[in-house]
Amino acid sequence: MVSFMTNNDAIKTVISYNTSDSPANECAVSMCLIDVASYGVDDWVTWSNQSVIEIFRNTAEEVLDEIMTEVESRSAGEDIIDEILGTAQTERIDYKRALVGMKEGSVRYFNALAIYTKIHEDVKGKYYLEY
């Protein structure tokens with residue numbers, strides 16, 4: 001099947017979803033725009049929802065690994081300073097706040113995934129049905 005949907009047509013459809021000020025919506029729209037611009041609509045519409053989920057999962061894993069490495073590094077630094085000074089520091093990592101931030105970020109990221117797949121399916125439908 002030959003489609004006449006252009007990258008610009010796909011981009012217009014994606015931009016039409018830019019109706020909310022939510023960070024998840026803005027993230028999803030931006031990611032869709034980047035993917036259409038990077039891969040082209042003809043390739044992008046061939047991606048399965050499973051492959052999109054895997055891309056999101058891999059990205060989440062990389063980001064969370066970086067965050068964990070940073071927290072572990074700071075914690076080790078605090079332990080070394082405590083040992084050298086022979087006393088506990090008053091300024092410590094706020095682990096509860098860090099965990100709450102990771103949780104909230106993860107929820108927003110999964111919300112972005114849901115919106116991304118909705119946009120992706122809409123563009124796919126238009127690509128195969130209208131063009």
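Select residues 95–129 to begin with helix α5, where helices are DSSP runs of H or I with at least four residues, and strands are runs of E with at least two, numbered from the N terminus. In this predicted model, the 35 residues of α5 should span 51 Å at 1.5 Å a residue, and the end C-alpha atoms lie 50 Å apart, which agrees; the expected span is 1.5 Å times one less than the number of residues in the helix.

Because the model is predicted, local features need pLDDT of at least 70 and side-chain atom pairs count only at pLDDT 80 or more, whereas totals for chains, interfaces and linings use all residues. Residues are numbered from 1 along each chain as its sequence is written, and side-chain values use heavy atoms, with hydrogens and water left out.

**The whole chain**

Zoom out to the full protein, which has 5 helices and 0 strands and reads α-α-α-α-α along the sequence. The radius of gyration is 21 Å, well over the 14 Å that the globule rule gives for 131 residues, so the protein is more spread out than a compact globule; the radius is taken over C-alpha atoms, and the rule is 2.2 Å times the number of residues to the power 0.38. Along the principal axes, the C-alpha trace spans about 70 × 25 × 20 Å. Of the 131 residues, 29% count as buried, where buried means under 20% relative accessible area, exposed means over 50%, and partly exposed lies in between (1.4 Å probe, protein chains only). Among contacts (heavy atoms within 4.5 Å) with a separation of 6 or more, 72% join residues 24 or more positions apart.

**The buried side of α5**

Return to α5 and select its buried residues: M102, Y109, A112, L113, Y116, T117, I119, H120, V123, K124 and Y127. The cover over these residues includes α1 (7–15), α2 (23–39), α3 (41–44) and α4 (49–85), and colouring each of these helices separately will help in the next step.

**The nonpolar core**

Which residues have the most contacts inside the largest nonpolar core? They are V14, V41, W44, Y116, I119 and V123, in a core of 23 residues; such a core is a set of buried Ala, Val, Leu, Ile, Met, Phe, Trp, Tyr and Cys residues joined through side-chain atoms within 4.5 Å. Each of α1, α2, α3, α4 and α5 supplies at least two residues of this core, and α5 gives the most, with 7 residues.

Centre the view on V123, which touches M5, A10, T13, V14, V41, W44 and V45 when residues up to four places away in sequence are not counted. From there, step to T13 in helix α1, which counts as buried at 8% relative accessibility and, with the same exclusion of residues up to four places away, touches D122, V123 and K126.

**Aromatic rings**

Show the aromatic side chains next, of which 5 pairs meet the ring rule: rings of Phe, Tyr and Trp (its six-membered ring) pair if their centres lie within 6.5 Å, and planes under 30 degrees apart count as stacked, over 60 as edge-to-face and the rest as tilted. The rings of Y39 and W47 have centres 5.0 Å apart and planes at 70°, so this pair is edge-to-face. Y39 is partly exposed, with a relative accessible area of 47%, whereas W47 counts as buried at 13%.

The rings of W44 and Y116 have centres 6.0 Å apart and planes at 80°, so this pair is edge-to-face. It links distant parts of the chain, with W44 in helix α3 and Y116 in helix α5, 72 residues apart. W44 is buried at 0% relative accessibility, and Y116 is buried with a relative accessible area of 1%. Extend the selection to W44, F56, Y109 and Y116, which ring pairs link into a cluster.

**Two polar stops**

Select H120 in helix α5, buried with a relative accessible area of 0%. Not counting residues up to four places away in sequence, H120 touches W44, V45, W47, N49 and V52. A distance drawn from H120 to T46, C-alpha to C-alpha, gives 10.0 Å for two residues 74 apart in sequence.

Finish at N25 in helix α2, which is buried with a relative accessible area of 7%. Leaving aside neighbours within four places in sequence, N25 is in contact with Y17, N18, T19, S20 and I115.
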